[in-house]
Amino acid sequence: MSNLIELQNISKNYGKDSILSNLSLTVKKGTAVAIVGDSGGGKTTLLSIMGLLQNTTSGKIFIDNLDISSLSQQEQAKIRGNYFGFVFQRARLISSLTALENVMVPAWLTQKDKNLEKRAIELLTHFNLDHRLNHKPGELSLGQLRRVSLARALLLNPPILLADEPTNDLDPALAKSVADCLLEARDRGTSVVIITHDPVLAARTDEVFTLQNRQIYQVQH
Ligand SMILES: Nc1ncnc2c1ncn2[C@@H]1O[C@H](COP(=O)(O)OP(=O)(O)O)[C@@H](O)[C@H]1O
Ligand SMILES: [Mg+2]
């Protein structure tokens with residue numbers, strides 16, 4: 001299987017603080033990977049580096065075998081838009097828009113396809129939110145907000161989905177429903193990288209890594 005994300009000897013400092021040190025990781029096409037580790041250990045930083053949202057201090061990133069350091073900021077933004085869907089720790093939905101409108105935001109931004117509203121409704125229906133299409137974020141539960149942001153991340157069918165603690169603060173049934181959605185994306189061919197403290201979710205992925213002492217190690221499971 002080919003590599004979709006390849007991090008080579010990545011280091012990241014915030015000022016004088018070293019957060020990641022000489023870290024290498026590959027994510028293959030169509031696999032689900034979990035990254036666990038202590039709070040404050042740099043997991044969110046690592047995910048944002050993978051998603052080209054943040055620069056590294058040193059090291060190389062290849063997305064689909066393309067060396068990102070050879071690209072301009074504009075070209076990087078294009079790769080980010082074409083390759084990644086993000087589920088952030090805080091859902092970051094727009095409070096004045098309905099659930100359906102929030103899911104449609106990537107379609108409006110890219111103007112890729114006029115027929116995406118049908119897909120947005122299908123995704124929300126699939127996530128058991130068909131009765132909440134016209135509700136605004138303030139009227140939705142945490143589990144529902146997570147599923148709306150997951151639908152938004154999947155709208156453009158990205159090759160890579162990056163999810164930061166997607167089942168955090170959810171009761172077991174809701175956590176399972178979000179995990180089911182993530183693994184289903186994997187089954188449809190998306191590479192999924194999940195930061196999680198949830199052992200049940202981690203156990204369902206293909207590979208588990210732990211981020212410790214600024215380094216990443218594979219965990220047998
Ligand atoms: N933009 C930033 N500037 C400076 N320090 C940061 C920034 N973002 C995160 N940090 C620090 O980097 C460390 C790792 O943070 P983070 O990547 O959020 O870890 P985790 O997601 O594993 O909890 C923490 O000590 C945090 O305070
Ligand atoms: Mg974090």
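I take a polar contact to be a pair of N or O atoms within 3.5 Å. I keep in mind that this is a predicted model.

**Entry 1: ligand 1**

I looked up the polar contacts of ligand 1 with that cut-off. An oxygen atom of ligand 1 lies 3.2 Å from a polar backbone atom of Gly 41, so I count the pair as a polar contact by the 3.5 Å limit. For Gly 40, I noted 2.6 Å between one of its polar backbone atoms and an oxygen atom of the ligand. With Thr 44 the partner is in the side chain: an N or O atom there is 2.8 Å from an oxygen atom of ligand 1. I then checked the cover, and the protein hides 54% of the 560 Å² of accessible area that ligand 1 has on its own.

Next I listed the surroundings. The residues around the ligand include Tyr 14, Ile 19, Asp 38 and Lys 43. By class I recorded two nonpolar, six polar and two charged residues in this shell. Which helix gives the most to the shell? I found that helix H1, residues 43-50, does, with three residues.

**Entry 2: the four-stranded sheet**

I traced an open sheet of four strands, in the order E2-E1-E4-E5, with antiparallel pairing. Its edges are strand E2 (17-28) and strand E5 (66-67), each of which pairs on one side only. Between strand E1 (residues 3-14) and E2 I noted eight bridges in the antiparallel sense. In that pair, Leu 7 stands opposite Leu 25 of E2. Helix H1, which I had met at the ligand, packs on this sheet and touches E1, E2 and strand E4 (58-63). The direction of H1 makes about 125 degrees with that of E1.

**Entry 3: the six-stranded sheet**

I then followed an open sheet of six strands, ordered E6-E7-E8-E3-E9-E10, and its pairing is mixed. Strand E6 (84-87) and strand E10 (215-219) are the edge strands. From one strand to the next, the twist averages 20 degrees.

How do strands E3 and E9 run, parallel or antiparallel? I found strand E3 (residues 32-37) and strand E9 (residues 207-212) parallel, joined by five bridges. Val 33 stands opposite Glu 207 in E9.

Two helices went into my notes for this sheet. Helix H5 (residues 142-154) packs on the sheet, touching E6 and strand E7 (160-164), and its direction makes about 170 degrees with that of E6. Helix H6 (residues 172-187) also packs on the sheet, touching E3, E7 and strand E8 (191-195). I noted about 150 degrees between the directions of H6 and E8.

How values were computed. Residues numbered from 1 in each chain as written. Chains lettered and ligands numbered in written order. Predicted model: local features only at pLDDT ≥ 70, side-chain atom pairs only at ≥ 80, totals over all residues. Heavy atoms only, no water. Near = heavy atom within 4 Å. Polar contact = N/O pair within 3.5 Å; in protein donor to acceptor, adjacent residues only side chain to side chain. Areas by Shrake-Rupley, 256 points an atom, 1.4 Å probe, with all protein chains shown as cover. Nonpolar A, V, L, I, M, F, W, Y, C, P; charged D, E, K, R; others polar. Pairing = 2+ DSSP bridges. Contact = heavy atoms within 4.5 Å. Axes fitted to C-alpha atoms, helices over the stretch in contact; angles between N-to-C directions.
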